[in-house]
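Thanks for making the time this morning. I would like to walk through one model with you, slowly, and keep to what can be computed from its coordinates.

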Amino acid sequence: MKNTLSRRAWLTSLGAVVAAGRTQADARQTAQAPPRAPATPPAPDSPSAPGSLLLQDFQPRSMLVVPETAVVRARFPVVDVHTHPTFRTRSVAGVPHGEEVRASATAAELLAIMERRNLRTIVNLTGGVGVGLAESVRSLQQPHPGRFVMFTEPSYDRIAEPGYGRWQAEELARAKAAGAHGLKVLKTLGLYLRQGVTTGPLVKIDDPRFDPMWEACGALGFPVAIHISDPTAFFLPIDGSNERYEELQRHPDWSFAGKDYPSDAELLAARDRVLARHPKTTFIGLHVGHSSEDLGAASQALDRFPNLHVEIAARIAELGRQPRTSRRFFDKYQDRILFGTDGVRDELYPFYFRFLETDDEYFEYGPGPVPAQGRWRIYGIGLPDPVLKKVYSENAVRLLALPA
């Protein structure tokens, strides 16, 4: 059974994000044993067998001699618009149920990371609904104004109830009164939510029942942080041509290839219909608008929809292997790109800072000995200070109406 929280929980847990170098073939020949001296070779799948090496054991060390810049603290204060310090406790077939929330860290633990890394504010996208939202506000936002910002979520478990669309729109007004600053749309919509909540056909992203919700967000000044797809490779067969093969082998439940899942293109097309129908609602396309592997497509969406912004959480692995294209993208859309990480993980921030602030070459995109997303390294894009300030905080401050 799939659980839409599994990937996020993994990203925010112990050291799960990792990096390594590019794959290279090792084609050594095995010498034959001399006559009358037969030898029993090691098993073919043994790492010590001459001429063989398991992919999982291939962890090459780069021989490049290039500058290495440690950036342990951001040059300017940062607003991380994509974190999950709380999340809904119960999920059935990938659909959150109920109002109870669970915390992944205490306020004191989060504040310590924020001070160390120069984070002025973190946005909790999964602040919850109802009493769960109230608890998130009480434990984080109220005691530390300006440091924590809560978003609410749709109550998908009520979609089969009569009048859901109007109720959900009205519920957003109650969430704002409780302290919420925006709405987070999980990939539950489009990939998990079904007509009977957990049974029947999948509910489409542009289902008209959600039109009152999108309109309410515009009227309330609620930005919509929307996650409706995943890396392109997650929609392809898990085979030797899939660049995320090792990641999907570790997490096969992250694959959306086959069955009745829509394609990545179908999901993005449905999202675009929502953006077009609701031009007065501001949307933040999470994970570079789900087009980090195709910045041309991301540019087309930004050009077509003035109400769309993007953030970079969990996508520096893609952005960093196309540094010249990424730099042009950041230059052109510098007023519409926000900083995010998809979790408050202390050890992860320096990799983001290094990518954004330096011109370093060929470095890891995360900690650990095994690549998390693919066997490649990345390059920094060395943003100039005026652009860096916008990405780090100024765009988020404006979009979320935070204190200057």
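**An enclosed helix and two parallel sheets**

Let me begin with helix α13, whose buried residues are Y349, P350, F351, Y352, F353, R354, F355, L356 and E357, where buried means under 20% relative accessible area, exposed means over 50%, and partly exposed is anything in between, with a 1.4 Å probe and protein chains only. Nine of the nine residues of α13, which spans 349-357, are buried, so this helix is largely enclosed by the rest of the structure. What do these buried residues pack against? They pack against β1 (78-83), α2 (107-117), β4 (119-124), α11 (316-319), α12 (323-332) and α14 (385-400), and contact here means heavy atoms within 4.5 Å.

Before going on, I should say that this is a predicted model, in which local features need pLDDT of at least 70 and side-chain atom pairs count only at pLDDT 80 or more, while totals for chains, interfaces and linings use all residues. Residues are numbered from 1 along each chain as its sequence is written, and side-chain values use heavy atoms, with hydrogens and water left out.

For the chain as a whole, there are 14 helices and ten strands, and these are DSSP runs numbered from the N terminus, with helices being H or I of at least four residues and strands being E of at least two. Of the 404 residues, 56% count as buried. If we take the contacts between residues at least 6 apart in sequence, 75% of them join residues at least 24 apart. The accessible surface comes to about 17,600 Å², with 55% of it belonging to carbon and sulfur atoms; the areas come from the Shrake-Rupley method with a 1.4 Å probe, and for residues only the protein chains shown count as cover.

Two of the elements that α13 packs against, β1 and β4, take us to a sheet. In what order do the strands of this three-stranded open sheet run? The order is β1-β4-β5, and the pairing is parallel, with two strands counted as paired if DSSP finds at least two bridges between them. The edge strands are β1 and β5 (148-150), each of which pairs on one side only, and the twist averages 20 degrees from one strand to the next. β1 and β4 pair over four bridges, with V78 opposite L119, whereas three bridges join β4 to β5, with I122 opposite F148. β1 is mostly covered, as six of its six residues are buried.

Two helices lie across β4 and β5: α2 runs at about 135 degrees to β4, and α3 (residues 130-141) runs at about 170 degrees to β5. For these angles, axes are lines fitted to C-alpha atoms, for helices over the stretch in contact, and the values run from 0 to 180 degrees between N-to-C directions.

The second sheet is also open and parallel, with five strands in the order β6-β7-β8-β9-β10. β6 (183-185) and β10 (337-338) stand at the edges with a single partner strand each, so one side of each is left without a neighbour in the sheet. Strand β7 (residues 224-226) pairs with β8 over three bridges, and A225 stands opposite I284 there.

Turning to a loop, H278 lies between α8 (264-277) and β8 (283-285). Is H278 buried or exposed? It is buried, at a relative accessible area of 3%, and beyond its neighbours within four places in sequence, H278 is in contact with D211, W214, E215, F283 and N307.

Helix α6 (residues 211-220) has its own partner in helix α4 (residues 164-178): their axes come within 8 Å and cross at roughly 25 degrees. That makes α4 roughly parallel to α6, since angles under 35 degrees count as roughly parallel, over 145 as roughly antiparallel, 65 to 115 as roughly perpendicular and the rest as oblique. Among the residues that meet there are L172 and A173 in α4, and A216 and C217 in α6.

Finally, two backbone details to look at on the screen. A93, in the loop between β2 (86-92) and β3 (95-103), has a positive phi of about 50 degrees although it is not a glycine, and A93 counts as partly exposed at 23% relative accessibility. V288, in helix α9 (residues 286-289), has a positive phi near 55 degrees, again in a residue other than glycine, but V288 counts as buried at 2%.
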